Amino acid sequence: MSTGPILFSPFRIGELELRNRIVIAPMCQYSAEDGCLTDWHHVHLGQLGLSGAAMLIIEATAVLPEGRISYADSGLYSDANEGAMARAIEIVRRYSDIKIGLQLAHAGRKASCGLPWNGGGQIAPNAANGWQTVAPSSVPFLPTENPPIALDVAGLATIRDAFAAAAHRAARMGLDLIEVHGAHGYLLHEFLSPLSNHRDDDYGGSLENRMRFPLEIFDAVRAAFPADRPVTMRVSGTDWVPGGWDIEQTVAFAQALEARGCDAVHVSSGGLAANQAIPIGPNYQVPLARAVKQATTKPVIAVGLITEYEQAEAIVGTGDADLIALARAMLYNPRWPWHAAAHLGARVKAPPQYLRSQPRQYRDLLER
Ligand SMILES: Cc1cc2nc3c(=O)[nH]c(=O)nc-3n(C[C@H](O)[C@H](O)[C@H](O)COP(=O)(O)O)c2cc1C
């Protein structure tokens with residue numbers, strides 16, 4: 001019986017074997033060109049590949065050009081996109097055996113934005129780098145924004161097909177896992193939340209109807225990706241707005257996903273409404289992950305202001321979640337898992353070029 005830290009114990013999502021419980025959360029880099037990953041991604045993903053984490057999830061990648069948050073987002077809707085991503089994956093894999101997942105996304109009414117470091121806001125459809133957005137209903141995120149066009153049945157079919165086509169491309173590139181982006185106020189979350197979905201057809205109104213399109217997308221991706229590789233979903237556990245999407249509905253959604261063969265749920269929150277009131281602090285989303293974990297049997301990933309080694313160990317040790325994901329902490333300290341291993345008395349896989357880097361007191365903490 002192992003007495004080592006749970007954080008560094010192996011785990012499986014479906015048939016995918018992970019060497020520890022640390023996942024690098026998807027992070028948009030706003031550095032793609034026409035949807036194609038660039039040299040920036042080789043540097044960024046390359047260094048994260050050496051982090052010692054078990055899995056790296058590539059940033060939100062749009063299944064259609066108009067599904068990008070910004071004109072500099074990653075996409076997977078063309079052969080050129082696929083070629084560029086395949087090259088980035090090849091570079092990471094050459095030096096690392098980290099598992100590589102991909103987040104497939106459509107930004108819905110939150111598409112057509114500027115780069116965050118230039119202010120971010122929505123770009124009008126008739127301005128350079130802007131386009132007309134689509135959503136479940138013609139309700140903008142902010143009242144000052146250009147309203148999205150409500151998707152008709154043909155529009156829904158186009159998006160379903162695009163998710164399936166991107167999943168086929170992901171399979172061809174050898175990606176280990178797909179995470180469908182159902183969180184943060186983007187298209188699928190817009191269908192789930194009564195605040196953004198005002199439809200009166202089969203895709204709006206009751207919880208069952210609001211879940212219909214996200215579940216159809218899950219099914220389309222699941223059918224297009226090899227059965228022995230996991231398909232998972234990222235959710236917002238709540239809108240943090242009274243009357244919005246909440247944890248009870250999230251649990252129902254997670255159960256519906258589980259019934260359809262979803263291999264894991266990654267529990268984030270918010271992003272749908274400008275008046276959200278988020279109680280930000282360490283572990284602020286962990287209770288949402290715990291609620292999903294208690295109501296389902298599939299693996300759950302917790303995320304959000306997890307920055308400390310003991311904190312991460314406690315989340316998986318108490319069983320609130322099976323895995324933890326890190327975003328900002330990993331950008332700040334890309335070898336966070338090395339430091340966590342040293343602190344907790346575990347080992348990480350390190351490239352041979354870096355083996356001499358260990359401080360004397362932590363000798364033999366790196367796997368060769
Ligand atoms: C630079 C940056 C880019 C992000 N891009 C994405 C994304 O592509 N998809 C997504 O679901 N979340 C995205 N997020 C949210 C993170 O995945 C994560 O959920 C959030 O930052 C909270 O985790 P943290 O406290 O460890 O940073 C992004 C966050 C950051 C900081």
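Here are a few exercises on a predicted model, each with a worked solution.

Residues are numbered from 1 along each chain as its sequence is written, and side-chain values use heavy atoms, with hydrogens and water left out. Because the model is predicted, local features need pLDDT of at least 70 and side-chain atom pairs count only at pLDDT 80 or more, while totals for chains, interfaces and linings use all residues.

**Exercise 1: the ligand's surroundings**

Find out how many residues surround the ligand, and which are the closest.

*Solution.* Start with the rule: a residue is near a molecule or strand if one of its heavy atoms lies within 4 Å of it. With that rule, 15 residues surround the ligand. The closest are Cys-28, Gln-103, Arg-234, Leu-305 and Arg-328.

Next, sort the shell by type. Ala, Val, Leu, Ile, Met, Phe, Trp, Tyr, Cys and Pro count as nonpolar, Asp, Glu, Lys and Arg as charged, and the others, Gly among them, as polar. The shell then splits into nine nonpolar, four polar and two charged residues.

**Exercise 2: polar contacts with the ligand**

Work out which ligand atom pairs with the side chain of Gln-103, and do likewise for Arg-234 and His-181.

*Solution.* You need the cut-off before anything else. A polar contact is a pair of N or O atoms within 3.5 Å; within protein, one must be able to donate a hydrogen and the other to accept it, and residues adjacent in sequence count only if both atoms are side-chain atoms.

Now take the residues in turn:

- Gln-103: an N or O atom of its side chain is 2.7 Å from a nitrogen atom of the ligand.
- Arg-234: an N or O atom of its side chain is 2.6 Å from an oxygen atom of the ligand.
- His-181: a polar atom of its side chain lies 3.1 Å from an oxygen atom of the ligand.

How much of the ligand's own accessible area does the protein cover? The ligand has 610 Å² on its own, and the protein covers 82% of that. These areas come from the Shrake-Rupley method with a 1.4 Å probe; for residues, only the protein chains shown count as cover.

**Exercise 3: Arg-222 and its partners**

Decide whether Arg-222 is buried or exposed, then list its polar partners.

*Solution.* First, place it: Arg-222 is in helix 5, residues 207-224. Helices (H or I, at least four residues) and strands (E, at least two) are DSSP runs, numbered from the N terminus.

Second, check the accessibility. Buried means under 20% relative accessible area, exposed over 50%, and partly exposed in between (1.4 Å probe, protein chains only). Arg-222 has 15%, so it counts as buried.

Third, look at its side chain. One polar atom lies 3.2 Å from the backbone oxygen of Phe-225. A polar contact of 3.2 Å also joins the side chains of Arg-222 and Asp-263.

**Exercise 4: positive phi in the loops**

Look at His-184 and Leu-305, and say what phi each one has.

*Solution.* His-184 isn't a glycine, yet its phi is positive, at about 60°. You'll find His-184 in the loop between strand 9 (177-182) and helix 4 (187-192).

Leu-305 isn't a glycine either, and its phi is near 50°, a positive value. Leu-305 is in the loop between strand 12 (300-303) and helix 8 (309-317). With a relative accessible area of 28%, Leu-305 is partly exposed. You've met this residue before: Leu-305 is among the closest to the ligand.

**Exercise 5: a buried loop residue**

Locate His-106, and find which backbone atom its side chain reaches.

*Solution.* His-106 belongs to the loop between strand 6 (99-105) and strand 7 (134-135). Its relative accessible area is 2%, so His-106 is buried. The side chain of His-106 reaches the backbone nitrogen of Gly-108 at 2.9 Å.
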